[in-house]
Amino acid sequence: QVQLVESGGGLVQAGGSLRLSCAASGRTFYNMGWFRQAPGKEREFVAAMQWSDGSKYYTDSVRGRFTISRDNAKNTVYLQMKSLKPEDTAVYCCAAGLRTGSDPRRYDYWGQGTQVTVSS
(Lines give C-alpha, C1' and ligand atoms only; values in the text may rest on other atoms or scores of the structure.)
Protein backbone atom coordinates (compact mmCIF):
# COMPACT_ATOMS: atom_id res chain seq x y z
CA GLN A 1 0.00 0.00 0.00
CA VAL A 2 1.22 3.48 -0.82
CA GLN A 3 -0.02 6.84 0.39
CA LEU A 4 0.76 9.95 -1.64
CA VAL A 5 0.44 13.52 -0.41
CA GLU A 6 1.02 16.47 -2.71
CA SER A 7 1.98 19.97 -1.68
CA GLY A 8 3.37 23.13 -3.17
CA GLY A 9 0.49 24.36 -5.26
CA GLY A 10 -0.69 27.94 -5.22
CA LEU A 11 -1.36 31.09 -7.18
CA VAL A 12 1.41 32.42 -9.39
CA GLN A 13 1.66 34.97 -12.19
CA ALA A 14 2.38 33.89 -15.73
CA GLY A 15 6.10 33.38 -16.19
CA GLY A 16 6.56 32.37 -12.59
CA SER A 17 7.67 29.12 -11.02
CA LEU A 18 6.38 26.57 -8.53
CA ARG A 19 7.72 23.31 -7.19
CA LEU A 20 5.26 20.58 -6.37
CA SER A 21 6.14 17.81 -3.95
CA CYS A 22 4.67 14.34 -3.61
CA ALA A 23 5.57 12.57 -0.39
CA ALA A 24 5.16 8.81 -0.48
CA SER A 25 4.76 6.45 2.44
CA GLY A 26 4.63 2.70 2.43
CA ARG A 27 6.26 0.81 -0.40
CA THR A 28 8.22 3.38 -2.38
CA PHE A 29 9.96 1.66 -5.26
CA TYR A 30 7.35 2.58 -7.77
CA ASN A 31 7.35 4.43 -11.02
CA MET A 32 5.95 7.90 -10.45
CA GLY A 33 3.89 10.22 -12.57
CA TRP A 34 2.27 13.63 -12.47
CA PHE A 35 -1.10 14.31 -14.02
CA ARG A 36 -3.31 17.38 -14.10
CA GLN A 37 -6.95 18.12 -14.62
CA ALA A 38 -8.42 21.50 -15.47
CA PRO A 39 -12.11 22.29 -14.96
CA GLY A 40 -14.22 20.72 -17.66
CA LYS A 41 -11.29 18.82 -19.14
CA GLU A 42 -10.03 15.28 -18.96
CA ARG A 43 -7.10 14.27 -16.82
CA GLU A 44 -3.87 14.91 -18.69
CA PHE A 45 -0.46 13.30 -18.38
CA VAL A 46 2.29 15.74 -17.44
CA ALA A 47 5.46 13.83 -16.57
CA ALA A 48 6.69 10.45 -15.38
CA MET A 49 9.85 8.97 -13.98
CA GLN A 50 10.89 5.35 -14.12
CA TRP A 51 12.21 3.81 -10.91
CA SER A 52 14.65 1.39 -12.52
CA ASP A 53 16.84 3.78 -14.48
CA GLY A 54 15.51 7.26 -13.80
CA SER A 55 14.18 7.75 -17.32
CA LYS A 56 11.93 10.76 -17.60
CA TYR A 57 8.98 11.42 -19.86
CA TYR A 58 7.06 14.64 -20.51
CA THR A 59 4.07 15.72 -22.46
CA ASP A 60 4.99 18.07 -25.29
CA SER A 61 3.33 21.12 -23.77
CA VAL A 62 5.58 21.11 -20.69
CA ARG A 63 8.86 19.74 -22.07
CA GLY A 64 11.62 22.24 -21.42
CA ARG A 65 9.61 24.02 -18.73
CA PHE A 66 8.86 21.27 -16.20
CA THR A 67 11.28 18.85 -14.57
CA ILE A 68 10.40 15.71 -12.65
CA SER A 69 12.85 14.45 -10.05
CA ARG A 70 12.93 12.31 -6.94
CA ASP A 71 14.75 12.21 -3.64
CA ASN A 72 14.87 8.57 -2.58
CA ALA A 73 16.09 9.42 0.91
CA LYS A 74 12.97 11.53 1.47
CA ASN A 75 10.63 9.29 -0.53
CA THR A 76 9.54 12.39 -2.38
CA VAL A 77 8.96 13.18 -6.03
CA TYR A 78 9.08 16.74 -7.28
CA LEU A 79 7.71 18.61 -10.25
CA GLN A 80 9.62 21.83 -10.84
CA MET A 81 7.54 24.11 -13.02
CA LYS A 82 8.99 27.19 -14.71
CA SER A 83 7.69 29.72 -17.23
CA LEU A 84 4.17 28.91 -16.14
CA LYS A 85 1.29 29.79 -18.40
CA PRO A 86 -2.40 30.34 -17.65
CA GLU A 87 -3.15 27.10 -19.50
CA ASP A 88 -1.12 25.23 -16.86
CA THR A 89 -3.88 25.99 -14.36
CA ALA A 90 -5.22 22.70 -13.00
CA VAL A 91 -5.28 20.33 -10.08
CA TYR A 92 -2.02 18.41 -10.16
CA CYS A 93 -1.94 14.85 -8.84
CA CYS A 94 0.92 12.45 -8.40
CA ALA A 95 0.56 8.76 -9.04
CA ALA A 96 2.55 5.62 -8.38
CA GLY A 97 2.53 2.27 -10.10
CA LEU A 98 4.48 -0.77 -11.16
CA ARG A 99 4.10 0.43 -14.73
CA THR A 100 4.70 3.89 -16.11
CA GLY A 101 3.69 5.97 -19.07
CA SER A 102 1.07 8.51 -20.03
CA ASP A 103 -1.98 6.29 -19.50
CA PRO A 104 -3.44 6.91 -16.03
CA ARG A 105 -4.68 3.30 -15.94
CA ARG A 106 -1.08 2.20 -15.54
CA TYR A 107 -0.94 3.72 -12.08
CA ASP A 108 -2.23 2.07 -8.93
CA TYR A 109 -2.09 4.81 -6.31
CA TRP A 110 -3.09 8.46 -6.45
CA GLY A 111 -2.75 11.50 -4.25
CA GLN A 112 -5.56 13.97 -3.60
CA GLY A 113 -4.03 16.71 -5.69
CA THR A 114 -2.87 20.28 -5.27
CA GLN A 115 -4.29 23.30 -7.06
CA VAL A 116 -2.06 25.35 -9.34
CA THR A 117 -3.47 28.62 -10.63
CA VAL A 118 -1.56 30.77 -13.09
CA SER A 119 -2.85 34.30 -13.58
CA SER A 120 -2.29 36.27 -16.76
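A polar contact is taken here as a pair of N or O atoms within 3.5 Å, one able to donate a hydrogen and the other to accept it. By that criterion, the side chain of D88 makes a polar contact with the side chain of R36, at 2.9 Å. This pairing is a convenient place to enter the structure, which is a predicted model.

D88 sits in the loop that connects β8 (76-81) to β9 (90-97). Although placed in a loop, D88 has a relative accessible area of 1% and is therefore buried. Its side chain is also approached by the backbone, since a polar atom of that side chain lies 2.8 Å from the backbone nitrogen of K85. Once neighbours within four places in sequence are set aside, the residues in contact with D88 are R36, R65, F66, S83, V116 and V118. R36, the partner of D88 in the side-chain polar contact, is itself buried, with a relative accessible area of 6%.

What else does the side chain of R36 meet in a salt bridge? The answer is E44, with N and O 2.8 Å apart. E44 has a relative accessibility of 30% and counts as partly exposed, whereas R36 counts as buried because its 6% falls under the 20% limit. The R36 and E44 pair thus joins a buried residue to a partly exposed one.

Across the whole structure, the search returns five salt bridges. Side chains of opposite charge can pair when their charged atoms come close. One of these bridges links R63 with D60, whose closest N and O atoms are 2.5 Å apart. Here R63 is partly exposed at 47% relative accessible area, and D60 is exposed at 63%. Another is formed by the side chains of R105 and D103, at 2.9 Å from N to O. In that pair R105 is exposed, with 69% relative accessibility, while D103 is partly exposed, with 24%. Salt bridges with shared partners also connect R36, E44, R65 and D88 into one network. That network brings the description back to D88, which has R36 and R65 among its contacts.

Attention now turns to the cysteines. The structure contains one disulfide, formed between C22 and C94 with an S to S distance of 2.0 Å. The two cysteines belong to distant parts of the chain, C22 to strand β3 (residues 18-26) and C94 to strand β9, with a separation of 72 residues. The torsion about their S-S bond is about 60 degrees, so the disulfide is right-handed. Both ends are shielded: C22 is buried at 0% relative accessibility, and C94 is likewise buried at 0%. Why does C93 not form a bond with its closest cysteine sulfur? That sulfur belongs to C94 and is 7.5 Å from the sulfur of C93, which is too far for a bond because a disulfide requires sulfur atoms within 2.5 Å. C93 is buried too, with a relative accessible area of 14%.

Backbone geometry adds two further points of interest. Most residues other than glycine have a negative phi. N75, which is not a glycine, nevertheless has a positive phi of about 50 degrees. This residue lies in the loop between β7 (66-71) and β8 and is partly exposed, at 31% relative accessibility. S83 also has a positive phi, near 50 degrees, and is not a glycine. S83 is found in the loop between β8 and β9, where D88 is also located. At 41% relative accessibility S83 is partly exposed, in contrast to the buried D88 with which S83 is in contact.

These local features can be set in the fold as a whole. The protein has eleven strands and zero helices, so along the sequence the pattern is β-β-β-β-β-β-β-β-β-β-β. The radius of gyration is 13 Å, close to the 14 Å given by the globule rule for 120 residues, so the protein is as compact as a globular protein of that length. Along the principal axes, the C-alpha atoms fill a box of roughly 40 × 30 × 25 Å. Of the 120 residues, 44% are buried. Among contacts with a separation of 6 or more, 55% are between residues 24 or more positions apart. The protein exposes about 6,300 Å², and carbon and sulfur atoms supply 46% of that area.

How values were computed
Residues are numbered from 1 along each chain as its sequence is written. This is a predicted model: local features need pLDDT of at least 70, side-chain atom pairs count only at pLDDT 80 or more; totals for chains, interfaces and linings use all residues. Side-chain values use heavy atoms; hydrogens and water are left out. Helices (H or I, at least four residues) and strands (E, at least two) are DSSP runs, numbered from the N terminus. Buried means under 20% relative accessible area, exposed over 50%, partly exposed in between (1.4 Å probe, protein chains only). Contact means heavy atoms within 4.5 Å. A salt bridge is a side-chain nitrogen of Lys or Arg within 4 Å of a carboxyl oxygen of Asp or Glu. The radius of gyration is taken over C-alpha atoms; the globule rule is 2.2 Å times the number of residues to the power 0.38. Accessible areas come from the Shrake-Rupley method with a 1.4 Å probe; for residues, only the protein chains shown count as cover.
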